[in-house]
Amino acid sequence: MKKTISQATIDRLPLYFRTLRLMESEENKIISSDELGRKLDITPEQIRKDLATFGQFGKKGIGYDVHELKEQIGNILGLQNHWRLAIVGVGHLGGALANYTNFSSLGFSVVALFDKNSSVIGSAINGIKVNNVIEMNAVIAEAAVDIGVITVPAGEAQDVADLLVAAGVKGIWNFAPIKLSVPPEVSLFNEDLSIGLSALSYQMSQ
C-alpha cells in the first residue's frame with residue numbers, strides 16, 4: 001500500500017533542499033535539525049518528522065551530512081530525472097524563464113520554445129530556437145520534452161494545455177491566471193503570481 005504523505009511535508013522539501021544547497025556552497029559539512037530549523041523558522045521536531053517519513057537520515061548527536069542529505073532530498077523530489085522543459089509563450093515572462101540559469105543546477109533543462117507571434121518565431125534564446133506552436137507535436141517528440149511551461153494569456157492557456165497533453169508531456173507548470181483541465185495522468189502545478197502579490201498586499205495592509 002502506497003504511503004500517504006501530507007502536502008505540507010512535500011511543500012517543505014524544496015525549502016530543505018534549497019537551504020542545504022546554500023550550506024554546501026558555503027562548504028558546511030554537517031548541519032543539525034536545530035540549525036536547519038533556525039534558518040527556515042521550522043521546529044527541529046517538524047524537520048525530523050518530515051524526514052522520517054522517507055527513511056532514516058543523520059546520526060543522533062552528530063547531525064546530518066549536508067551533501068548526503070541534499071542528495072537524498074533531491075532524489076525524493078525526483079531531481080535526478082533531469083526533466084526536459086518546453087516553454088510556450090516567449091514574451092517577457094517566458095523569455096525570462098528561458099534565460100533563467102538556475103534551472104540546470106536543479107536538474108532541469110529548457111530544450112524547446114514555442115510562440116505564435118511571427119516576429120519571434122525563428123529567433124533564439126540561449127541558443128534554443130523559437131518554434132511555431134503548430135510544430136509542437138513534432139518538436140516535443142524529437143526533444144523528448146517532459147514538462148510544458150505555459151506563459152501565455154489566460155484566454156489561450158487551455159488550448160495550449162490541450163496541445164501539450166496531446167503532444168505527450170507528463171507535467172504542466174502553468175503561469176496563466178486560470179484553472180486548467182488536464183487528464184489525471186498529467187501532473188499540473190499552477191504558479192499564479194497575482195495570488196502571491198495579493199497575499200503580500202493583504203499582509204502589508206494589516
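These are my notebook entries on what I looked up in this predicted model.

**Entry 1: the whole protein**

I started with the overall picture. I counted nine helices and nine strands in the protein. The C-alpha trace spans about 60 × 45 × 40 Å along its principal axes. I then asked how much of the chain is buried: of the 206 residues, 37% are. I also looked at contacts between residues with a separation of 6 or more, and 57% of these join residues 24 or more positions apart.

**Entry 2: the cores**

Next I went looking for nonpolar cores. The largest one has 32 residues. Which of its members touch the most other members? They are Tyr16, Ile73 and Leu113. Helix 1, residues 7-25, gives this core its largest share, which is five residues.

I picked Leu113 for a further look and left out residues up to four places away in sequence. Its contacts are Ile87, Val90, Ala98, Ile125, Ile128, Lys129, Val130 and Asn131.

There is also a second core, separate from the one above, with 22 residues. Ile140, Val152, Ala161 and Val169 are among them. I made a note of Ile140 for a later entry.

**Entry 3: helix 1 against helix 2**

Before turning to pairs of helices, I reminded myself what to write down: two packed helices are described by the angle between their axes and the distance between the axes.

Helix 2 covers residues 33-40, and its axis comes within 11 Å of the axis of helix 1. The two cross at roughly 105°. Angles of 65 to 115 degrees count as roughly perpendicular, so helix 1 is roughly perpendicular to helix 2.

Which residues make the contact? Helix 1 brings Leu15, Tyr16, Thr19 and Met23, while helix 2 brings Glu35, Leu36, Lys39 and Leu40. Sorted by class, the contact has five nonpolar, one polar and two charged residues. I was pleased to meet Tyr16 here again, as I had it down as a member of the largest nonpolar core.

I stayed with Leu15 for a moment. It sits in helix 1, and its relative accessibility is 30%, so it counts as partly exposed. I also checked how far it is from Thr101: the two are 86 residues apart in sequence, and their C-alpha atoms are 19 Å apart in space.

**Entry 4: helix 2 against helix 3**

Helix 2 has another partner to look at, helix 3, which covers residues 44-52. Their axes are 8 Å apart and the packing angle is about 110°. This pair is therefore roughly perpendicular too.

From helix 2 the contact uses Ser33, Asp34, Leu36 and Gly37, and from helix 3 it uses Pro44, Ile47 and Arg48. I sorted these into three nonpolar, two polar and two charged residues. Leu36 appears here, and I had already listed it in the contact with helix 1.

**Entry 5: helix 7 against helix 8**

I then moved along the chain to helix 7, residues 136-143, and helix 8, residues 154-167. Their axes come within 9 Å and cross at roughly 50°. Are these helices perpendicular or oblique to each other? They are oblique, because an angle of roughly 50° falls outside the 65 to 115 degrees needed for roughly perpendicular and is not under 35 degrees either. The crossing is right-handed.

On the helix 7 side, the contact is made by Met136, Asn137 and Ile140; on the helix 8 side, by Leu163, Leu164, Ala166 and Ala167. Six of these residues are nonpolar, one is polar and none is charged. Here is the Ile140 I had noted, which belongs to the second core.

**Entry 6: loops and positive phi angles**

Last, I checked some loop residues. Glu27 is not a glycine, yet its phi is positive, about 65°. It lies in the loop between helix 1 and strand 1. Is Glu27 buried or exposed? Its relative accessibility is 65%, so it counts as exposed.

Ala144 also has a positive phi without being a glycine, in this case about 55°. Its loop runs between helix 7 and strand 7. With a relative accessible area of 42%, Ala144 is partly exposed.

My final stop was Glu135, in the loop between strand 6 and helix 7. Glu135 is partly exposed, at 35% relative accessible area. From Glu135 to Pro183 I noted 48 residues in sequence and 22 Å in space, C-alpha to C-alpha.

Terms used
Residues numbered from 1 in each chain as written. Predicted model: local features only at pLDDT ≥ 70, side-chain atom pairs only at ≥ 80, totals over all residues. Heavy atoms only, no water. Axes fitted to C-alpha atoms, helices over the stretch in contact; angles between N-to-C directions. Helix = DSSP H or I, 4+ residues; strand = E, 2+ residues; numbered from the N terminus. Left-handed = near helix turned anticlockwise from the far one by under 90°. Contact = heavy atoms within 4.5 Å. Nonpolar A, V, L, I, M, F, W, Y, C, P; charged D, E, K, R; others polar. Core = buried A, V, L, I, M, F, W, Y, C linked by side-chain atoms within 4.5 Å. Buried < 20%, exposed > 50% of the residue type's maximum accessible area, 1.4 Å probe, protein only. Parallel < 35°, antiparallel > 145°, perpendicular 65-115°, else oblique.
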